[in-house]
Amino acid sequence: MMIMLRVRVAMATAAWYSMFLLTAWLLVRNAGAVATATSSLSSRLVHRFSDEVKELRVSGNGSANGSSWPDRKGSIEYYQMLLSSDFRRQNMKLGAQYQLLFPSQGSKTMSFGNDFGWLHYTWIDIGTPNVSFLVALDAGSDLLWVPCDCVQCAPLSAGYYSNLDRDLNEYNPSGSSTSKHLSCSHQLCESGPNCKGPKQSCPYTINYFAENTSSSGLLVEDVLHLASGGDNASKNLVHAPVIIGCGMKQSGGYLDGVAPDGLMGLGLGELAVPSILAKAGLVRNSFSMCFNEDDSGRIFFGDLGPATQQSTSFLPLDGIYKTYIVGVEACCIGNSCLKQTNFRALIDSGTSFTFLPDEVYEKITNEFDRHVNATRSSYEGSPWKYCYESSSQESPEVPSLTLVFPLNNSFVVHNPVFIIYGDQGVLGFCLAIQPADGDIGIIGQNFMTGYRIVFDRESLKLAWSHSNCQDLSDGKRMPLASPSGAPLNPLPTNEQQSSPGGHAVAPAVAGRAPSKPSAASSRLIASRFCLLRLLPELLLLFYIISVFKADTGII
């Protein structure tokens with residue numbers, strides 16, 4: 001019995017060695033096929049600062065000058081730019097340091113109504129020692145600016161405003177130990193060509209959509225005080241260096257109560273706070289804003305939103321992703337989806353209300369008027385055309401307005417009206433949209449109410465989900481149930497049966513599809529071809545193993 005057992009073990013060992021040798025032989029035999037299949041695949045490495053790349057930059061942009069190109073190879077600037085690139089790559093590999101960041105005084109945002117232009121604001125701390133500023137939040141611009149060394153600024157006394165319990169502050173760069181002026185030679189100084197010398201302080205002037213509304217002054221670098229948060233994360237203060245506009249002179253709306261203490265631009269530009277935080281590796285390149293029914297809200301840097309959210313791609317403007325523009329495929333009033341209501345729209349938290357291109361505006365307002373069972377009216381000072389009398393003191397029953405995006409993603413505005421109040425309570429309501437100048441509309445704050453809006457700059461997507469704007473910094477999740485308990489953003493029934501008419505706006509894709517197969521796809525084809533070549537030998541190997549198991553009884 002012992003002899004038979006030893007014989008079986010020896011046979012098993014010999015068989016396993018045979019299989020090993022057979023496998024090795026098969027691999028060696030097919031190595032030539034692999035080499036042959038991939039021998040035609042090659043690439044040439046080109047340095048980012050080579051003359052060849054410079055020529056491509058010139059042909060693509062018309063110029064290779066500026067902050068992104070060193071004066072000469074071997075210069076201090078050349079090595080600084082290479083080192084900066086290395087740091088950015090390290091941050092990409094290591095991932096963001098924090099899951100979420102928010103202003104050190106808290107993530108809460110607030111709206112003060114008409115006194116402050118209906119925008120959402122938050123308190124931020126700047127400098128050392130820190131000074132507090134109540135800044136408006138604007139996704140339609142890039143720069144963070146505050147009143148500073150004022151020549152022409154809005155009043156900062158609390159007595160001038162009915163909603164403030166403390167005075168607003170003015171920034172003084174010389175009073176902050178961490179402040180330093182940005183020179184005209186700095187890579188982020190867009191006004192550099194207009195400077196008298198490279199060491200001069202970098203000036204800025206920004207003109208906004210509102211007529212004659214602007215801010216101008218000098219750019220400085222100082223620290224923005226933030227706090228970290230997320231699941232199981234303790235609250236740690238983070239002092240993030242950012243670029244700040246020392247706003248010496250404001251005009252237009254900024255002198256009449258809109259953003260009297262500054263504005264935080266949240267756009268796609270390099271000067272924007274989200275861009276600077278992501279580039280430094282502090283958070284992911286994304287942020288969210290939430291707008292509640294009670295005029296409160298939240299802002300979080302690094303927030304990518306829940307997995308259940310809907311989304312749509314940003315669209316480039318003139319071939320460049322300059323700002324947050326999306327393509328609406330159709331508009332629906334209640335259950336009625338309208339033909340030829342596709343348009344492009346800017347997502348702008350710095351605009352109080354919503355503007356639609358003329359043709360779309362006429363179709364939407366006419367259909368809304370047809371659905372509303374109320375008497376048309378007008379109210380003194382109201383900028384809206386479609387206003388109605390209210391039959392009760394309760395909120396009126398009005399049809400929803402749905403924006404339909406590619407892949408049947410839908411953004412439902414359940415209450416697209418603005419309530420008009422009088423001394424005795426509710427007087428009436430108005431459809432809070434206006435016609436836009438040009439073919440690009442603006443989706444303003446009033447349409448974002450009740451939503452957590454995620455500006456995912458990594459994936460170049462806008463995402464949204466229903467929310468009551470709870471705090472995320474303590475690990476809580478924002479509820480995702482719709483107000484009625486119905487499924488999130490259901491499309492109208494007739495929209496589910498037929499597609500809207502008109503020319504649909506295609507979703508954006510970051511980058512251009514190659515006209516020829518790429519090297520990666522060629523390698524994939526070659527590898528699959530080699531696997532097919534190996535198939536007979538693999539089948540033979542499988543057969544030998546099966547026979548061996550049957551003969552030896554090994555499982």
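**Buried charges, cores and strand pairing in the predicted model**

R452 is buried, its relative accessible area being 4%. The model in which this arginine was examined is a predicted one. The side chain of R452 forms a salt bridge with D303, the closest N and O atoms lying 2.8 Å apart. D303 is in the loop between β12 (296-301) and β13 (310-313), whereas R452 is part of strand β27, so the salt bridge ties together parts that are 149 residues apart in sequence. D303 has a relative accessibility of 5% and therefore also counts as buried. With the cut-off for burial set at under 20% relative accessible area, both D303 and R452 qualify.

In the whole structure, 7 salt bridges were found. Another of them joins E458 to R284, again with 2.8 Å between the closest N and O atoms. This pair also links distant parts of the chain: E458 belongs to the loop between β27 (451-456) and β28 (461-466), and R284 to the loop between α4 (273-279) and β11 (286-291), a separation of 174 residues. Both partners are partly exposed, E458 because its relative accessibility is 38% and R284 because its relative accessibility is 39%. A further salt bridge brings together the side chains of K279 and E270, with an N to O distance of 3.8 Å. K279, at 37% relative accessibility, is classed as partly exposed, while E270, at 51%, is classed as exposed.

The chain as a whole has 555 residues, of which 46% count as buried. Its secondary structure consists of 8 helices and 28 strands. Among contacts with a sequence separation of 6 or more, 66% are between residues 24 or more positions apart.

The largest nonpolar core holds 100 residues, and those touching the most other members are I126, L144, M264, F301, I364, I453 and F455. Strand β9 (residues 237-251) gives the most to this core, contributing 6 residues. The surroundings of M264 were examined further. Apart from neighbours within four places in sequence, M264 contacts I124, V135, A136, L137, D138, L143, L144, L224, V273 and F301. Of these, L144 and F301 are themselves among the core residues that touch the most other members. A second core, separate from the largest one, has 7 residues, including F353, C387, I420 and A432.

I364, also listed for the largest core, is one of the buried residues of helix α5. Helix α5 spans residues 358-371, has 14 residues and extends 20 Å from its first C-alpha to its last, close to the 20 Å expected at 1.5 Å a residue. Its buried residues are V360, Y361, I364, T365, E367 and F368. Viewed down the axis of α5, these buried residues fall within an arc of 165°, so they line one face of the helix. The general geometry is relevant here: an α-helix has 3.6 residues a turn, so residues three or four places apart point the same way. The face of α5 turned away from the buried side bears E359 and R370, which are exposed.

Strand β15 (residues 330-333) is buried on both sides: A330 and C332 point one way, C331 and I333 point the other way, and all are buried. In a regular strand, side chains alternate between the two faces of the sheet. Strand β15 is antiparallel to β21 (residues 401-404), to which it is joined by 4 bridges; within β21, L401 is the bridge partner of I333. Strand β16 (residues 336-338) also runs antiparallel to β15, through 3 bridges, and in β16 the residue opposite C331 is L338. The two strands β15 and β16 form a hairpin with 2 residues between them, and G334 in its turn has a positive phi of about 60°.

An open sheet of 4 strands has the order β19-β20-β24-β23, with antiparallel pairing. Its edge strands, β19 (376-377) and β23 (417-422), each pair on one side only. Strand β19 is joined by 2 bridges to the antiparallel strand β20 (residues 387-389), where Y388 is the bridge partner of R376. C387, a member of the second nonpolar core, falls within the residue range of β20. I420, another member of that core, falls within the range of edge strand β23.

Terms used: Residues numbered from 1 in each chain as written. Predicted model: local features only at pLDDT ≥ 70, side-chain atom pairs only at ≥ 80, totals over all residues. Heavy atoms only, no water. Salt bridge = Lys/Arg side-chain N within 4 Å of Asp/Glu carboxyl O. Buried < 20%, exposed > 50% of the residue type's maximum accessible area, 1.4 Å probe, protein only. Pairing = 2+ DSSP bridges. Core = buried A, V, L, I, M, F, W, Y, C linked by side-chain atoms within 4.5 Å. Contact = heavy atoms within 4.5 Å. Expected span 1.5 Å × (residues − 1). Arc of directions from axis to C-beta.
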